[in-house]
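Student: Please choose one part of this model and take me through a close look at it. I would like one connected answer that begins with what is hidden inside and then moves outward.

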Amino acid sequence: MLNMLSRIIYPKEMVIKKGSLIRIKFLIGKKAAILIGRDSLQKSEYLQKIEKYLSTSKIEYFVIKGISGDPCEKSILEISHQLNEIKPDWVIGVGGGSVMDTAKLAWSLYENPKMSLLKFQTPFSTPELRKKAKLCLIPTTSGIGSEVTNSALVTLKGIKTPIISNCFIPDIVILDPNLTLNLPNKVTASTGIDAFSHGLESYCSTLSNSLTKVYAVAGAKLIFENLKKALLDPEDIITKEKLLYGSMLSGLAQGATSVGGVHAMSHSLSSNISLPHGHLNALFIIPILKFNIIESDSVTKFLKEMSINDINVLDKWISEIMQICKLNNRWGNFSRDFNLDDMSQNIVNDICARTNPRKLTVEGIKSILEETR
Ligand SMILES: [Fe+2]
């Protein structure tokens, strides 16, 4: 019953500012496992900085490298075994959504080695964490918002499955825009649009309330006002900081309210269409808004709070971002064959469809898929 309520649970601590990575220097503990992605962090100076800060605080550390792609059961299990060998009292995830979600899931198995991820599928069924370690998340993209949410996505038996636990909300979140400076423009664009859609869909969610709407609008506004600017001047640290802040605010909102039809589509399609999550969202934002606006006034209210005159202004903004980064505005060329009726049914059944302000229909989704193919 408690978990049916729209609850906002915050990280214990959030540090926001250029240079805030130095917070690592003041961690208290004995041993840390640092989980990172494939290349960029290793090539940048920031991994060395983290290592230096941990050494200063006399924390022994181990780096688990090469986390990439969507987390799956096998990769999570392997990393949890490594954590069991290292026995850290801090798990530090530094990277994009895949790294942060992997950190949450591998940590939960490290804490509960006799359990399997399949057992955690029922929302809020993960046992208590923090018996062995605490969690620190440091995002290097401005989009997914995983650093403040209670969920992590994992592919289980071929299906992308959200694992939901309030224990996933970290002990410390470090938002240092320096770490997002080297991001390729395409990644900034798709993760930025993802963050925007978190704010938009949280605002329109059937679970939203006055407080979540404040976060949703503030987050979406920061993304709307700064994403294009960041693409045109990727070294502008102030703009990058605003994107990171916007992504976190949208993340707080969506963590409390879930999202809606746009995410229902991009989750279900991701196993058949090889486009990044945010890029898929970009294709479906306008069609889903047009579908929702027929029965829900939440879309108009959101646009009004954002000082956006009408849907066409938003459509133009998305198109410009896609043009700057040469992102395709159709999904057909990136897709494996699939049955449109079956896929539309899967989308209607997706957990995010439950909080869409208008009931999704197979016919409605099918026509959006045809229109954007
Ligand atoms: Fe998303």
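**A helix, the loop after it, and the surroundings**

Tutor: In helix α12, which spans residues 340-349, the buried residues are M343, S344, N346, I347 and V348, and since you will be reading such details from the coordinates, keep in mind that this is a predicted model. The elements that cover these buried residues include α8 (261-269) and α13 (362-372).

Let us stay with this part a little longer and look at D350, a residue in the loop between α12 and α13. Is D350 buried or exposed? A residue counts as buried if 20 or more other C-beta atoms lie within 10 Å of its own, and D350 has 22 of them within that distance, so D350 is buried. If we leave aside its neighbours within four places in sequence, D350 is in contact with A264, H267 and S268, and these three residues fall within the range of α8, one of the helices that cover the buried residues of α12. For a sense of distance, compare D350 with E147, which is 203 residues away along the chain: the C-alpha atoms of the two are separated by 23 Å.

From here we can turn to other helices, beginning with α5 (residues 185-204) and α6 (residues 210-232), whose axes lie 8 Å apart and pack at an angle of about 155°. That angle makes α5 roughly antiparallel to α6, and the crossing in which α5 passes α6 is left-handed. On the α5 side the contact includes N185, T188, A189 and F196, while the residues of α6 that take part include T212, K213, I223 and F224. Sorted by class, the residues of this contact are 13 nonpolar, seven polar and one charged.

Helix α5 also meets α7 (residues 237-257), and here the axes come within 8 Å and cross at roughly 40°, so that α5 and α7 are oblique to each other. This crossing, too, is left-handed. From α5 the contact takes G192, A195, H198, G199, E201 and S202, and from α7 it takes L243, G246, S247, S250, G251, A253, Q254 and T257. The class count for α5 with α7 is three nonpolar, 10 polar and one charged. Among the residues of α5, G192, A195, G199 and S202 are found in the contact with α6 as well as in the contact with α7.

The strands complete this view. Six of them form an open sheet with parallel pairing, in the order β1-β8-β5-β4-β2-β3. Because β1 (13-16) and β3 (60-64) stand at the edges with a single partner strand each, one side of each has no neighbour in the sheet. On average, and with direction ignored, neighbouring strands in this sheet are turned by 15° against each other. Within the sheet, β2 (residues 31-36) and β4 (residues 90-95) pair in the parallel sense over five bridges, and L35 stands opposite G93 in β4. Helix α2 (residues 46-56) packs on the sheet, where it touches β2, β3 and β4, and its direction makes about 175° with that of β2.

Finally, β6 (residues 151-156) and β7 (residues 159-164) pair in the antiparallel sense over six bridges, with V154 opposite T161 in β7. Their hairpin has two residues between the strands, and in this hairpin K157 takes a positive phi near 50°.

Key:
Residues numbered from 1 in each chain as written. Predicted model: local features only at pLDDT ≥ 70, side-chain atom pairs only at ≥ 80, totals over all residues. Axes fitted to C-alpha atoms, helices over the stretch in contact; angles between N-to-C directions. Helix = DSSP H or I, 4+ residues; strand = E, 2+ residues; numbered from the N terminus. Parallel < 35°, antiparallel > 145°, perpendicular 65-115°, else oblique. Left-handed = near helix turned anticlockwise from the far one by under 90°. Contact = placed C-beta atoms within 7 Å. Nonpolar A, V, L, I, M, F, W, Y, C, P; charged D, E, K, R; others polar. Buried ≥ 20, exposed ≤ 12 C-beta atoms within 10 Å, placed from the backbone. Pairing = 2+ DSSP bridges.
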